[in-house]
Amino acid sequence: MDLTSALHLALPELILAVSVLGILVYGALRGDKAAGSVAALCGAALIAAAFAAAFNGHGKVFNGSFIADGVANFAKTFIYIASALVVVLARGYFERQNNNRFEFPILVTLSAIGMSMMVSAGDLIALYIGLELNSLAAYVMAAFRRDDAKGSEAGLKYFVLGSLSSGLLLYGISLVYGFAGSMNFDAIAASAQANMQVGLIFGLVFVIAGLAFKVSAAPFHMWTPDVYEGAPTPVVALFAGAPKFAALVLLARVLNDAFAGLHDQWAQVLLAIATLSFLIGGLGGLMQKDFKRLLAYSSIANMGYAMLALAAGTDKGVMALLLFSVLYMVDTLGLFSAQIALSRKGIAVSKIDDLSGLSKVDMKLTIAITVLALSVLGMPPFSGFWGKFFVFGAALEAGYWGFAVAGLVASVIAAFYYLRIIKVMWFDGDKGELDKAPFEAKWIAYAAAAFAFPIAAFALSGLYPLAETAVKSFGLN
Amino acid sequence: MLAIAFYILAAVTVVSGALVITARNPVHSVLFLILAFFSAAGLFVLMGAEFLAMLLVVVYVGAVAVLFLFVVMMLDVDFTKLRQGFANYLPIGMVVGILLLIELIMISSAVAQRGAAAGKSPQVYGAEMSNIEAIGRVLYTDYVYVFQAAGLVLLVAMIGAIVLTLQHRTYVKRQDIHTQVTRRRKDAVAIVKVKTGEGIKE
């Protein structure tokens, strides 16, 4: 395919890359005074890219290292929108913290480019570069409050453990390359078909481990609670949704495109990861006192469901993954926005005990948090229920009865800690007036809550066919 | 002629490599390291890989070794202290070294017999094209996408380093040459009539 059509298919990335370079120069010239307009420009670029992605065509270009198919376009649209919302959230948050630097929205945009490279990766080099682009920006964002001890600790921890996982991933990639003789997913699939070697499986397991770190699935989850607690909340709102979605889509692509023939082998690995995630996410959350740490354990458990959907290895599994990830992304974005909205005398409300009696102080936010918590828990009729419903549907179809039951049990255990938040907010004595909730955080939380209950039921009738058509062109088969 | 050059360069590489770890003065170690890189670059040239040779000199000597030299000279690292456990760690180090040596011999004998990577021999460009030209063609055609993306990764690294380390200290007084030069007498000097016995109020 010629260069014009290649550039046409990579239009969302091109929009982002070109505009981020321009905005960077503008920001560097104007300095931190321009933080507001830099944020606005980055947000506009992300929204423009989301439109470009939504109406993008299909094709495989750049020697097969860039795939634009339905799944990639679907994922990119939502990733860009989530990143734009984070830019909005972060703008107010850092302004209130007097940490108003123009680099932040630029880093968000660059990490969005990394994420879209991940969802479009057609070979192992693009996979690695995309992952590194996203991770490197994420390390910096995690340590953005560099004068804060917890913030720097979060950044350093994330960086060291992330480098370790990159090392594992690269080791896996080199093994796969050595045994398959190619970086390209299709060529790897052909080589695996022709000549099954143990080295390939070894490499695959390492690749899965590297990506499981990115999504914080169980044996590789160590960084999650500390980073969630220490990093600035808007950054966590980003980490919890978009990069995980991107890494999950990437994992789906690697497994279903390059290693479709080895389904029996990798399904076992994914099921083990899923079970461990259920266990650690469910039990670990019980003892937490910090709101963000609690959500970290909740996200570990939720990644278990995503892994379960992937393990099915069917189109239905990938579709369940897409719907689950989008619904979950909305819920976490809402919960973290609500956390940003809550502060008492300029100090963020971070402990669960500090939420005590919130219903008497701020009724609307209490309702929003309640709805979002019930949704993450998977209570019908909230949106989280539908996400899990599709995941279990895919798992049962693939015959993983036992693991689906384990997932249900984990949901029941996790219900305890979500219900504890709700109980504390509604029935305990209040702890005094809150500061005025910032406009943007408040409204993103309301909107997410409104999505979780009444809107999702209608939105799903649109999302479902979208995901269905997206999966039909998965890997351009 | 080629053989003589090879043996000289190889000998220098091995000897300077050994001196890197045995030299007492850390600055000498770094200088020997640079020598080792240079002679390894010479070996690459003998193999006809002039681009790799240049890369080795530019990247390792130009950046890494000079950085080492900076660290060694700028930081107050007590190398005699670091060296104290040398005898204790020697046996483990020897085992690791011998294992690595065995692996290297195994790999090179396997490659010598069967060629590299899954029996596929590397694609050979026409003899009229130099190495650099061939690499450039691949880099800017087949891999242009990841090449540009790698550029973005480096950009992120640069932004990150600045974000995390640059501090604008407002309390530091800096010289502003423009205001200094354009200062007038009336900006700086005020003539005040002072009453006797009262002094000047601020």
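A residue counts as buried if 20 or more other C-beta atoms lie within 10 Å of its own. With that cut-off in hand, a good place to start is A:Asn63 in this predicted model. A:Asn63 has 20 C-beta neighbours inside 10 Å and therefore counts as buried. Its place is in the loop between strand E1 (59-61) and strand E2 (66-68) of chain A. The backbone here is worth a look as well, since A:Asn63 has a positive phi of about 60° although it is not a glycine. Most residues other than glycine have a negative phi.

A second asparagine of chain A makes a helpful partner for study. A:Asn98 also has a positive phi of about 60° without being a glycine. This residue is found in the loop between helix H4 (70-96) and helix H5 (103-120) of chain A. Here 12 or fewer neighbours make a residue exposed, and A:Asn98, with 6 other C-beta atoms within 10 Å, is therefore exposed.

Another backbone feature appears further along chain A. The peptide bond from A:Pro380 to A:Pro381 is cis, with omega near 5°. Most peptide bonds are trans. A:Pro381 sits in the loop that joins helix H16 (363-377) to helix H17 (383-397) of chain A.

The UniProt record, in an unreviewed entry, lists residues 121-413 of chain A as "domain: NADH:quinone oxidoreductase/Mrp antiporter transmembrane". In the model this span is 79% helix and 1% strand, and its end C-alpha atoms lie 37 Å apart.

The nonpolar cores come next. The largest holds 211 residues, and those that touch the most other members are A:Leu133, A:Ala246, A:Leu250, A:Ala309, A:Phe324, A:Leu372 and A:Ala395. Apart from this core lies another, of ten residues, including B:Leu33, B:Phe37, B:Ala53 and B:Leu56. To follow one member of the largest core, A:Ala309 can be picked out in the structure. Beyond its neighbours within four places in sequence, A:Ala309 is in contact with A:Gly317, A:Ala320, A:Leu321, A:Phe324, A:Val391, A:Ala394 and A:Ala395.

Chain B can be described through its helices. It contains nine helices and zero strands, and read along the sequence it follows the pattern α-α-α-α-α-α-α-α-α. In an unreviewed entry, UniProt places the feature "transmembrane region" at residues 6-23, 30-49, 55-77, 89-112 and 145-166 of chain B. Within residues 6-23 of chain B, the chain is 94% helix and 0% strand, with end C-alpha atoms 25 Å apart. Residues 89-112 of chain B are 100% helix and 0% strand, and their end C-alpha atoms are 34 Å apart.

The overall form of chain B is also informative. Its radius of gyration is 30 Å, whereas a compact globule of 202 residues would have one near 17 Å. The C-alpha trace of chain B spans about 105 × 55 × 35 Å along its principal axes. Of the 202 residues of chain B, 10% count as buried. Among contacts in chain B with a separation of 6 or more, 48% come from residues 24 or more positions apart. The domain assignment gives domain 1 (1-80) and domain 2 (129-181) of chain B, with 27 Å between their centres, taken over C-alpha atoms.

Finally, the two chains meet. In this interface, 17 residues of chain B are in contact with 27 residues of chain A. The side of chain B that touches chain A is made up of 14 nonpolar residues, one polar and two charged.

Note on methods. Residues are numbered from 1 along each chain as its sequence is written. Chains are lettered from A and ligands numbered from 1 in the order in which they are written. This is a predicted model: local features need pLDDT of at least 70, side-chain atom pairs count only at pLDDT 80 or more; totals for chains, interfaces and linings use all residues. Two residues are in contact if their C-beta atoms, placed from the backbone, lie within 7 Å. Ala, Val, Leu, Ile, Met, Phe, Trp, Tyr, Cys and Pro count as nonpolar, Asp, Glu, Lys and Arg as charged, and the others, Gly among them, as polar. Domain bounds come from an automatic or database domain assignment. UniProt positions are given in the numbering used here, feature names are shortened, and annotations may be inferred rather than shown by experiment. Helices (H or I, at least four residues) and strands (E, at least two) are DSSP runs, numbered from the N terminus. The radius of gyration is taken over C-alpha atoms; the globule rule is 2.2 Å times the number of residues to the power 0.38. A nonpolar core is a set of buried Ala, Val, Leu, Ile, Met, Phe, Trp, Tyr and Cys residues joined through C-beta atoms within 7 Å.
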